[in-house]
Structure formats: structure tokens, C-alpha cells
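Hi there,

Here is the structure I promised to send over. Have a look at it first, and then read on for my notes.

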Amino acid sequence: MDYKAAFEDAVQKVRSEGRYRVFADLKRHRGQFPRATWTRDDGSQCDVTVWCSNDYLGQGQNPVVTEAMKKAIDEAGSGSGGTRNISGTTHYHVELEHELADLHQKEAALLFTSGYVSNEASLSTLHKILPGLVIFSDALNHNSMISGIRAHKGEKKIFRHNDLEHLEELLAATDPALPKLIAFESVYSMDGDIADIPAIVALAKAYGAMTYIDEVHAVGMYGPRGAGVAERDGVMAEIDIIEGTLGKAFGVMGGYIAADAVICDAIRSYADGFIFTTSIPPALAAGAVASIRYLKAHNEIREAHQERAASLKARLIKAGLPVMPSVCHIVPVLVGDAVHCKMISDILLEDFGIYVQPINYPTVPRGTERLRFTPTPAHTDEMMDKLVAALEQLWVHCNIQRVGGVAA
């Protein structure tokens, strides 16, 4: 077999569908976020404005965070030195788990190397603790949740996205004696919609199910202390397992769950994704602690963030651009074709100094390709006006319909 040719064919297939992904070589400059320097393939450079960062609040640039990280490096060095079970649990990790438990008002928290790993490891492990467990999963759950649920050895049932009538049908048709878990997200990051958490909690109670919520696109940004949408909606105490990330609004890296102490203890004792991997460096843990504490006390940053998102949506709508319905901070603009989506993204970067990554299949279904903007408190009115003017020009240039999809 010609192995190299097989790999070349696989890459060419992605290219032919217009969804080949190109990494933008960016250098961020502390204190200037969301501005960055882009290095082209030929080595030339230009200044760009980043419009698609998951560092939603710019915490990766916050001196409170960066100074805490530098201090930890001076105190403890670079790496953690091992897995959590073998020398890799430092005081920084313990302090971070306490801070996360306090954030979500749970007995305990368990730290993982990323949000992806925390979902995959936790959801794939629960069947070892709850024999016969049936997992009910929202159809639009993140790939990390899907991966964990697929590895789950028990029964899985998929309910239509945010369709609680369908969820109840599936719950009612399941043996009442079996253990059950409803797995869902708070903020769905590609469409910008939010789950009806109180209603899901009510269904879980009615049918004797546990609840598992992914709050990765909400922690730091919603609720009076930044614990997420469940905190905002007053139902955080009713959720059994809360999963989150340190790599988005908190501006660092890592993932976690927060729950009753016995739940965290059981998962850490059985989850391969926790047991067999090196723990995050002390500097990351220290930075995360500083970021969480800062955002707990600065609700005005969340308020500014929501205002910026609303302002961008209003500008895009006024311009007649096809903004997809969104009730959160995420602002998706529909293109509806992979080739056009990448073309617009490339021109924005090269000609206008605006960086937004095209969102194509398999991240979203074919025909719903989009540009996904994530305004931050640091995005100014001038930046927004420049973005909207560029999009108006390109929508005409690329012959894209004003409301949805590719022009006929």
C-alpha cells in the first residue's frame, strides 16, 4: 500500500470540499488585546484585529493573571513533575480546586488538563460507577461530550436540540429502575442559544436522573460571580456535575468538574483521562486562581462584555447582514457555503487586517457555514464600524445573500 498517497488523498478531499483549515500565525501583545501581529507564509507581517478569540474577557492579558503566573514559575519552576497521583499534585493544584468548588458552591472540584479531557474522561467513566447507566444527550453537544458518551459502555439516547418534550418522551420510555444522566450544555457556542436549565432540572427530578452541564462558554461570563448560566438562572445548586474550562473566559488553560466530594473522588479514582496524564504546570494553576478570583469580584467586566456583543449584533443587523439568532455573547453570521466562507475570511485577513476563522463542516452542518464573531470588552466602536464596513463590501463582492446562504 502507498501509505503516503493515502494521507495525501485524505488532505486533498478536505481541500476539494473547501474546508481545509489554515492556521493563522499570530503573535499577541500583552496590553494591546485584541490586536495582534500576523505573520504570512512569506515571512512578512501586518497588524490585525482578532475577532474570534475564546479569551472572551481578555483575561490572558490581565496583569493580575500574568504576574501570578510569573511568580509561580519563580517559586516552583516550569512543569508539575508528574501525574496527580505521582508527585504532580502541588499546592497550586489544591488551591485551584478549592477556588473552583467555591465558584460553583460545590463540595469539591477536580482539575483536568483541558475542557475536552474533563468531558471525555468524566462521561466515559460514569458507567464504571453506575452500572446500567443510561445517558440522555442533547443532539448538539460538543464533540468532547459526544466522544465521552460514545465510550460509555451503557445505553445512550439522543434528544433533539433543546427539545424538552422529546427528552421527556425518552425519559418516560426508559426503565425507571435504571440510573440516568442528562448531559447538556448551557451556551451552545456555534449557534449562540442557551438551554432551559430550570426545565431540564425539573425533568431530571421527575424521572430520577442526574444532571451534567457543560458551562465552558459561560463560566466567567454569566452570573453575579461568573459561575455560569446555572448561577444566573438560580439553579446551580440543583445541578449534579458542572463541567467548565480555564481556557476561555479565564484566559489560561485546563478543564474541571465541580460536584459533591464523593462524585469527584469516584471519578478521579476511575477516569483514565485523569489518572494517566501529567497535571497542568503550577504557573497555569496559579494564573487560573488569580483569574477566577478577579472575575468573581468584577461583574462590571461581564456587563461590558454583554454590551459589546449587543452593540455588534445591532450594527450587523442594521447593515442587513444575516446574523443568526443568538441570545448570548456569540455573534454568528451565516454564509451557507464552505468555499465562500473561507474566501471571505481570507480577504478579511489579507485586505482589511481582520481575523475571523471560517466555521465549516464538521464543526457545523453543511449548508450552515458561518463566520463566528466573539466581541470582547476591548473591541471598540471603531473596530466594529471597520468590521461591518468590510463585511458589507465583501457580501457584495462575493455575491452572498443578505439573509442566509449563497446567492442564486
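Below is what I found, going from the sheets to the backbone and then to the side chains. Please keep in mind that this is a predicted model.

**The seven-stranded sheet**

A good place to begin is the open sheet of 7 strands, which has mixed pairing and the order 4-12-11-10-7-5-6. Its edges are strand 4 (108-112) and strand 6 (155-159), each of which pairs on one side only. On average, neighbouring strands in this sheet are turned by 20 degrees against each other, with direction ignored.

Inside the sheet, strand 10 (residues 209-214) and strand 11 (residues 241-245) run parallel and are joined by 3 bridges. If you want a pair of residues to click on, Asp214 has Glu243 in strand 11 as its bridge partner.

Two helices to view together with this sheet are helix 5 and helix 7. Helix 5 (residues 143-151) lies across strand 5 (134-138), strand 6, strand 7 (180-185) and strand 10, and it runs at about 160 degrees to strand 7. Helix 7 (residues 197-206) also packs on the sheet, where it touches strand 7 and strand 10. The direction of helix 7 makes about 175 degrees with that of strand 7.

**Strands 2, 3 and 14**

Strand 2 (residues 35-39) runs antiparallel to strand 3 (residues 45-50), and 5 bridges join the two. Thr37 has Asp47 in strand 3 as its bridge partner. The hairpin that these strands form has 5 residues between the strands, and Gly43 in this hairpin takes a positive phi near 95 degrees.

Strand 3 is also joined to strand 14 (residues 354-355), this time by 2 bridges and in a parallel run. Here Thr49 stands opposite Ile354 of strand 14.

**Backbone spots to check**

Most residues other than glycine have a negative phi, and most peptide bonds are trans. That is the background for the next four places.

Two peptide bonds that end in a proline are cis. One runs from Phe33 to Pro34, with omega near 15 degrees, and Pro34 sits in the loop between strand 1 (25-28) and strand 2. Another joins Tyr361 and Pro362, with an omega of about 10 degrees. Pro362 belongs to the loop between strand 15 (358-359) and strand 16 (370-373).

Ser87 is not a glycine, yet it has a positive phi of about 70 degrees. You will find Ser87 in the loop between helix 2 (63-76) and helix 3 (91-104). Its relative accessible area is 53%, so Ser87 is exposed, the cut-off being over 50%. Gln105, in the loop between helix 3 and strand 4, has a positive phi as well, near 55 degrees. Gln105 is exposed because its relative accessible area is 55%.

**Salt bridges**

There are 25 salt bridges in the structure. Here are some of them.

- Glu17 and Lys13 meet through their side chains at 2.8 Å, N to O. Glu17 is partly exposed at 24% relative accessibility, and Lys13 is partly exposed at 47%.
- Arg268 and Asp265 form a salt bridge at 2.9 Å, N to O. Both lie in helix 9 (residues 261-270), 3 residues apart, which is about one turn of the helix. Arg268 counts as partly exposed at 36%, and so does Asp265 at 38%.
- Arg315 and Asp385 form a salt bridge at 2.9 Å, N to O. This pair links distant parts of the chain, with Arg315 in helix 12 (residues 299-318) and Asp385 in helix 14 (residues 381-397), 70 residues apart. Arg315 is partly exposed at 22%, and Asp385 is partly exposed at 42%.
- Glu95, Glu99, Asp102, Arg225, Arg293 and Lys296 are joined into one network by salt bridges that share partners.

**A nonpolar patch**

Last, have a look at the surface around the start of the chain. Met1, Tyr3 and Phe7 make a nonpolar surface patch of about 470 Å². Met1 is in the segment before helix 1 (3-16), and with 77% relative accessibility Met1 counts as exposed.

Happy browsing, and best wishes!

Technical notes:
Residues numbered from 1 in each chain as written. Predicted model: local features only at pLDDT ≥ 70, side-chain atom pairs only at ≥ 80, totals over all residues. Heavy atoms only, no water. Patch = residues over 30% accessible without salt bridge, like charges linked within 9 Å, V, L, I, M, F, W, Y side chains within 5 Å. Areas by Shrake-Rupley, 256 points an atom, 1.4 Å probe, with all protein chains shown as cover. Salt bridge = Lys/Arg side-chain N within 4 Å of Asp/Glu carboxyl O. Helix = DSSP H or I, 4+ residues; strand = E, 2+ residues; numbered from the N terminus. Buried < 20%, exposed > 50% of the residue type's maximum accessible area, 1.4 Å probe, protein only. Pairing = 2+ DSSP bridges. Axes fitted to C-alpha atoms, helices over the stretch in contact; angles between N-to-C directions. Contact = heavy atoms within 4.5 Å.
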